[in-house]
Amino acid sequence: MKVLSIQSAVAHGHVGNSAAVFPLQRIGVEVVPVLTVNFSNHTGYGAWRGPLIPPADVAEVLLGVEERGVFPQIDAVLSGYQGGAGIADVIIDAVRRVKDANPRAVYACDPVMGNAKSGCFVAPEIPVLLRDRVVPVADIITPNQFELGFLTGTEPADIASTLESADLARAMGPKTVLVTSVERPDREEGTIEMLVVDPSGAWIVTTPHLPFKANGSGDVTAALFTAHYVATNDAALALERTASSVFDLIETTFKSGERELRLIQAQEFYATPRMQFKAEKVR
């Protein structure tokens with residue numbers, strides 16, 4: 001499998017491509033990383049250095065990759081955090097050209113906007129751009145519950161309302177919706193869930209909720225789910241593998257006491273997931 005990943009990168013820590021590339025490589029996926037920013041660290045520190053790469057420069061890199069004859073080999077295009085409005089056009093155009101070269105290729109979009117605790121943390125125009133232009137051309141989207149609500153103009157909470165919101169999102173274009181950070185009111189205390197909906201049904205997986213904010217864990221989740229789903233076409237299995245690997249990554253990081261993901265230390269959990277969580281069919 002070969003994945004074209006158009007995302008941010010940081011020198012210190014693991015977010016964007018700096019979070020997604022290694023886990024994908026560790027499960028045997030060839031990754032073509034194209035950078036949209038090259039920062040010293042993620043913006044959660046409140047200060048960082050380095051450039052936001054102009055969309056025209058990102059487009060030039062993509063054109064060079066295309067000229068090497070790579071696009072027909074791409075199985076999936078992956079995108080995440082979009083630092084500025086202009087990059088959306090570059091991503092949409094790249095997706096079109098990849099699909100022209102390989103009609104079987106899919107586009108997986110992680111529509112990064114914010115979360116329930118922090119609210120939106122991207123530029124005000126980004127959520128609207130994602131909703132109106134980017135998500136409709138995606139095959140897979142991986143919003144958290146907060147982002148799903150914005151995309152659909154709803155307030156998903158319990159399983160029924162989250163399923164309804166996912167269906168509204170699927171009506172926008174994507175056939176598959178993975179909802180992360182699902183916090184339904186009636187869940188078991190100390191747990192958190194992920195829900196996936198595709199044409200074959202809907203499944204939910206429950207894991208312990210660790211009291212820890214791990215920047216980049218959503219980027220790893222989107223990358224691993226996309227790869228497992230494309231490889232197997234089995235939403236439940238992809239969900240179980242992803243939940244297993246990501247929980248062990250977060251637990252490894254939590255136990256270390258470090259702020260940044262222990263991405264390297266947890267590498268065996270990507271290659272050989274423990275499969276300790278079972279997906280429950282909810283529809």
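This note sets out points on two helices and on the salt bridges of a predicted model.

1. Helix α6 covers residues 159-171 and has 13 residues. At 1.5 Å a residue, a helix with that number of residues should span 18 Å, and the end C-alpha atoms of α6 are indeed 18 Å apart, so the expected and computed values agree.

2. Several residues of α6 are buried, namely S161, T162, L163, S165, A166 and A169. The elements that cover these buried residues include one helix, α5 (145-152). They also include the strands β7 (140-141), β8 (176-182), β9 (191-198) and β10 (201-208). The reader may locate these elements in the structure around α6.

3. Just after α6 comes G173, whose phi is positive, at about 150°.

4. Helix α4 comprises residues 125-134, and its buried residues are I126, P127, L129, L130 and V134. On which side of α4 do they lie? They cover an arc of only 165° around the axis, which means that they lie on the same side of α4.

5. The whole structure holds 15 salt bridges. One pair joins D132 to R131, with the closest N and O atoms 2.8 Å apart. D132 has a relative accessibility of 44% and therefore counts as partly exposed. R131, at 26% relative accessibility, also counts as partly exposed.

6. A further salt bridge links the side chains of R187 and E183, with an N to O distance of 3.4 Å. Are these two residues buried, exposed or partly exposed? R187 has a relative accessible area of 25% and is partly exposed, because buried would require a value under 20%. E183 is likewise partly exposed, with a relative accessible area of 28%.

7. The side chains of K255 and E251 also meet in a salt bridge, at 3.9 Å from N to O. The cut-off for such a pair is 4 Å, so this distance of 3.9 Å falls within it. Both residues belong to helix α8 (residues 235-256); because they are 4 residues apart there, about one helical turn separates them. K255 is exposed, with a relative accessible area of 64%, whereas E251 is partly exposed, with a relative accessible area of 23%.

8. Salt bridges can also share partners, and in this way E66, D93, R96, R97 and D100 are joined into one network.

Methods
Residues numbered from 1 in each chain as written. Predicted model: local features only at pLDDT ≥ 70, side-chain atom pairs only at ≥ 80, totals over all residues. Heavy atoms only, no water. Helix = DSSP H or I, 4+ residues; strand = E, 2+ residues; numbered from the N terminus. Expected span 1.5 Å × (residues − 1). Buried < 20%, exposed > 50% of the residue type's maximum accessible area, 1.4 Å probe, protein only. Contact = heavy atoms within 4.5 Å. Arc of directions from axis to C-beta.
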